[in-house]
Amino acid sequence: MGTLNDQAVLQAIFNPDTPFGDVVGLDLGEEAEEEDEGGVFPQAQLEQSKALELQGVTAAEAGDLSTALERFGQAINLLPERASAYNNRAQARRLQGDVAGALEDLERAVALSGGRGRAARQSFVQRGLLARLQGRDDDARRDFERAARLGSPFARRQLVLLNPYAALCNRMLADVMGQLRGERTPR
(Lines give C-alpha, C1' and ligand atoms only; values in the text may rest on other atoms or scores of the structure.)
Protein backbone atom coordinates (compact mmCIF):
# COMPACT_ATOMS: atom_id res chain seq x y z
CA MET A 1 0.00 0.00 0.00
CA GLY A 2 2.95 2.33 0.54
CA THR A 3 4.01 4.62 3.34
CA LEU A 4 1.91 7.46 4.69
CA ASN A 5 4.14 9.86 2.78
CA ASP A 6 3.57 7.90 -0.47
CA GLN A 7 -0.18 8.04 0.10
CA ALA A 8 0.01 11.76 0.82
CA VAL A 9 1.96 12.40 -2.36
CA LEU A 10 -0.58 10.43 -4.42
CA GLN A 11 -3.40 12.35 -2.75
CA ALA A 12 -1.71 15.63 -3.65
CA ILE A 13 -1.20 14.51 -7.26
CA PHE A 14 -4.70 13.17 -7.86
CA ASN A 15 -6.52 15.81 -5.80
CA PRO A 16 -4.37 18.94 -6.05
CA ASP A 17 -7.23 21.24 -5.21
CA THR A 18 -8.33 19.51 -2.04
CA PRO A 19 -10.05 22.29 -0.12
CA PHE A 20 -7.95 21.68 2.91
CA GLY A 21 -4.83 21.19 0.85
CA ASP A 22 -3.15 20.16 4.05
CA VAL A 23 -2.53 16.56 3.08
CA VAL A 24 -1.76 14.58 6.23
CA GLY A 25 1.79 13.32 6.19
CA LEU A 26 2.95 15.58 3.35
CA ASP A 27 3.86 18.63 5.40
CA LEU A 28 6.83 18.13 7.65
CA GLY A 29 5.97 18.66 11.27
CA GLU A 30 2.25 18.07 10.76
CA GLU A 31 2.00 15.91 13.86
CA ALA A 32 4.10 18.32 15.89
CA GLU A 33 1.74 21.15 14.97
CA GLU A 34 -1.31 19.24 16.15
CA GLU A 35 -2.80 20.96 19.16
CA ASP A 36 -2.28 19.14 22.43
CA GLU A 37 -5.99 18.62 22.93
CA GLY A 38 -5.39 15.77 25.36
CA GLY A 39 -4.01 18.26 27.87
CA VAL A 40 -6.83 20.75 27.31
CA PHE A 41 -9.88 18.48 27.23
CA PRO A 42 -10.69 15.38 29.29
CA GLN A 43 -9.44 12.38 27.30
CA ALA A 44 -12.71 10.41 27.38
CA GLN A 45 -14.74 13.39 26.16
CA LEU A 46 -12.14 14.21 23.49
CA GLU A 47 -12.25 10.66 22.12
CA GLN A 48 -16.05 10.71 22.12
CA SER A 49 -16.09 14.09 20.37
CA LYS A 50 -13.65 12.87 17.71
CA ALA A 51 -15.75 9.73 17.18
CA LEU A 52 -18.89 11.86 16.71
CA GLU A 53 -17.05 14.07 14.21
CA LEU A 54 -15.87 11.01 12.29
CA GLN A 55 -19.46 9.74 12.15
CA GLY A 56 -20.53 13.17 10.91
CA VAL A 57 -17.87 13.24 8.20
CA THR A 58 -18.83 9.73 7.09
CA ALA A 59 -22.51 10.73 6.94
CA ALA A 60 -21.70 13.90 4.96
CA GLU A 61 -19.58 11.93 2.49
CA ALA A 62 -22.56 9.59 2.02
CA GLY A 63 -24.80 12.60 1.33
CA ASP A 64 -26.69 12.38 4.63
CA LEU A 65 -26.28 15.98 5.74
CA SER A 66 -28.98 15.88 8.43
CA THR A 67 -27.18 13.06 10.25
CA ALA A 68 -23.86 14.82 9.74
CA LEU A 69 -25.21 18.04 11.25
CA GLU A 70 -26.67 16.07 14.15
CA ARG A 71 -23.32 14.37 14.91
CA PHE A 72 -21.37 17.64 14.64
CA GLY A 73 -23.92 19.28 16.95
CA GLN A 74 -23.47 16.47 19.46
CA ALA A 75 -19.68 16.89 19.31
CA ILE A 76 -20.10 20.64 19.89
CA ASN A 77 -22.43 20.05 22.84
CA LEU A 78 -19.91 17.63 24.33
CA LEU A 79 -16.91 20.00 23.98
CA PRO A 80 -18.19 23.48 23.05
CA GLU A 81 -14.71 25.02 23.30
CA ARG A 82 -13.16 22.71 20.66
CA ALA A 83 -12.85 24.34 17.22
CA SER A 84 -12.72 21.22 15.02
CA ALA A 85 -16.42 20.34 15.21
CA TYR A 86 -17.37 23.91 14.26
CA ASN A 87 -15.19 23.62 11.14
CA ASN A 88 -16.85 20.35 10.17
CA ARG A 89 -20.34 21.65 10.85
CA ALA A 90 -19.57 24.75 8.76
CA GLN A 91 -18.72 22.53 5.79
CA ALA A 92 -21.97 20.55 6.20
CA ARG A 93 -23.97 23.76 6.55
CA ARG A 94 -22.38 25.16 3.40
CA LEU A 95 -23.23 21.97 1.51
CA GLN A 96 -26.80 22.35 2.72
CA GLY A 97 -26.89 25.94 1.44
CA ASP A 98 -26.75 27.63 4.85
CA VAL A 99 -23.90 30.07 4.13
CA ALA A 100 -24.78 32.35 7.07
CA GLY A 101 -24.69 29.39 9.47
CA ALA A 102 -21.40 28.20 7.97
CA LEU A 103 -19.83 31.64 8.43
CA GLU A 104 -21.08 31.76 12.02
CA ASP A 105 -19.42 28.41 12.76
CA LEU A 106 -16.19 29.50 11.06
CA GLU A 107 -16.06 32.69 13.13
CA ARG A 108 -16.47 30.60 16.27
CA ALA A 109 -13.73 28.18 15.17
CA VAL A 110 -11.32 31.06 14.51
CA ALA A 111 -12.08 32.56 17.91
CA LEU A 112 -11.65 29.24 19.73
CA SER A 113 -8.39 28.44 17.93
CA GLY A 114 -6.96 31.86 18.62
CA GLY A 115 -6.12 32.08 14.91
CA ARG A 116 -3.45 29.37 15.28
CA GLY A 117 -3.02 25.75 14.26
CA ARG A 118 -4.86 23.38 11.98
CA ALA A 119 -8.36 24.46 13.05
CA ALA A 120 -7.63 28.11 12.25
CA ARG A 121 -5.97 27.17 8.95
CA GLN A 122 -9.05 25.20 7.89
CA SER A 123 -11.38 27.97 9.05
CA PHE A 124 -9.53 30.60 7.05
CA VAL A 125 -9.55 28.41 3.94
CA GLN A 126 -13.28 27.70 4.20
CA ARG A 127 -14.09 31.33 4.94
CA GLY A 128 -11.89 32.42 2.02
CA LEU A 129 -13.70 30.05 -0.32
CA LEU A 130 -17.08 31.37 0.78
CA ALA A 131 -15.92 34.96 0.29
CA ARG A 132 -14.61 34.08 -3.17
CA LEU A 133 -17.93 32.47 -4.12
CA GLN A 134 -19.68 35.64 -3.00
CA GLY A 135 -17.37 37.81 -5.12
CA ARG A 136 -15.64 39.34 -2.09
CA ASP A 137 -12.11 38.83 -3.40
CA ASP A 138 -10.43 41.21 -0.92
CA ASP A 139 -11.92 39.28 2.03
CA ALA A 140 -10.96 36.00 0.36
CA ARG A 141 -7.40 37.22 -0.16
CA ARG A 142 -7.07 38.17 3.53
CA ASP A 143 -8.28 34.77 4.69
CA PHE A 144 -6.11 32.89 2.19
CA GLU A 145 -3.09 34.94 3.30
CA ARG A 146 -3.73 33.97 6.92
CA ALA A 147 -4.18 30.31 5.98
CA ALA A 148 -1.03 30.40 3.83
CA ARG A 149 0.96 31.80 6.76
CA LEU A 150 -0.30 28.83 8.76
CA GLY A 151 1.04 26.47 6.08
CA SER A 152 -1.86 25.78 3.71
CA PRO A 153 -0.63 24.99 0.18
CA PHE A 154 -4.23 25.25 -1.08
CA ALA A 155 -4.44 28.83 0.23
CA ARG A 156 -1.15 29.66 -1.52
CA ARG A 157 -2.59 28.40 -4.81
CA GLN A 158 -5.73 30.47 -4.29
CA LEU A 159 -3.63 33.59 -3.72
CA VAL A 160 -1.93 33.02 -7.06
CA LEU A 161 -5.33 32.64 -8.74
CA LEU A 162 -6.50 35.89 -7.15
CA ASN A 163 -3.44 37.74 -8.46
CA PRO A 164 -4.34 39.30 -11.84
CA TYR A 165 -0.66 39.54 -12.85
CA ALA A 166 -0.13 35.84 -12.15
CA ALA A 167 -3.24 35.01 -14.18
CA LEU A 168 -1.92 37.07 -17.09
CA CYS A 169 1.50 35.39 -16.86
CA ASN A 170 -0.11 31.95 -16.74
CA ARG A 171 -2.19 32.79 -19.83
CA MET A 172 0.86 34.05 -21.71
CA LEU A 173 2.83 30.94 -20.73
CA ALA A 174 -0.03 28.69 -21.90
CA ASP A 175 -0.10 30.55 -25.23
CA VAL A 176 3.66 30.13 -25.71
CA MET A 177 3.55 26.45 -24.76
CA GLY A 178 0.64 25.90 -27.14
CA GLN A 179 2.53 27.58 -29.96
CA LEU A 180 5.59 25.45 -29.26
CA ARG A 181 3.41 22.35 -29.56
CA GLY A 182 1.80 23.70 -32.72
CA GLU A 183 -1.58 24.19 -31.06
CA ARG A 184 -3.73 27.23 -31.21
CA THR A 185 -5.26 28.46 -28.00
CA PRO A 186 -8.80 29.84 -28.14
CA ARG A 187 -9.26 33.48 -27.24
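Colleague: Which residues does L162 touch, not counting residues up to four places away in sequence?

Modeller: With those neighbours left out, L162 touches R132, D137, A140, R141 and F144, where contact means heavy atoms within 4.5 Å. This is a predicted model, in which local features need pLDDT of at least 70 and side-chain atom pairs count only at pLDDT 80 or more, whereas totals for chains, interfaces and linings use all residues. Residues are numbered from 1 along each chain as its sequence is written, and side-chain values use heavy atoms, with hydrogens and water left out.

Colleague: Why is L162 called buried?

Modeller: Its relative accessible area is 8%, and buried means under 20%, exposed over 50% and partly exposed in between, for a 1.4 Å probe and protein chains only. L162 is therefore called buried, because 8% falls under 20%. L162 is found in helix α10, and its C-alpha atom lies 9.1 Å from that of D138, 24 residues apart in sequence.

Colleague: What makes α10 a helix, and how many helices and strands does the protein chain hold?

Modeller: Helices are DSSP runs of H or I with at least four residues, strands are runs of E with at least two, and both are numbered from the N terminus. Helix α10 covers residues 153–162, so the run satisfies the requirement of at least four residues. The protein chain has eleven helices and zero strands.

Colleague: How is the packing of α9 and α10 described?

Modeller: Two packed helices are described by the angle between their axes and by the distance between those axes. Helix α9, residues 137–149, packs with α10 at an angle of about 145 degrees, the axes being 8 Å apart; the axes are lines fitted to C-alpha atoms over the stretch in contact, and the angles run from 0 to 180 degrees between N-to-C directions.

Colleague: Which residues of α9 and α10 meet, and how do they divide by class?

Modeller: D137, A140, R141, F144, E145, A147 and A148 in α9 meet A155, R156, Q158, L159 and L162 in α10. By class, this contact has seven nonpolar, one polar and four charged residues, with Ala, Val, Leu, Ile, Met, Phe, Trp, Tyr, Cys and Pro counted as nonpolar, Asp, Glu, Lys and Arg as charged, and the others, Gly among them, as polar.

Colleague: Why is R127 called buried, and which residues is it in contact with beyond four places in sequence?

Modeller: R127 has 12% relative accessibility and therefore counts as buried. R127 sits in helix α8, residues 117–133, and, leaving aside neighbours within four places in sequence, is in contact with L103, L106, E107, V110, D143 and R146.

Colleague: What makes S113 buried, and what does S113 touch?

Modeller: The relative accessible area of S113 is 13%, so this residue is buried too. S113 lies in helix α7, residues 99–113, and touches A83, A119 and A120, not counting residues up to four places away in sequence.

Colleague: Why is V57 called partly exposed?

Modeller: Its relative accessible area of 28% lies between the two limits, so V57 is partly exposed. V57 is in helix α4, residues 43–61, and, with neighbours within four places in sequence set aside, is in contact with F72 and N88.

Colleague: Which residues does the "repeat: TPR" annotation cover?

Modeller: The unreviewed UniProt entry places "repeat: TPR" at residues 49–82, in the numbering used here and with feature names shortened, though annotations may be inferred rather than shown by experiment. In the model, this span is 79% helix and 0% strand, with its end C-alpha atoms 9 Å apart.
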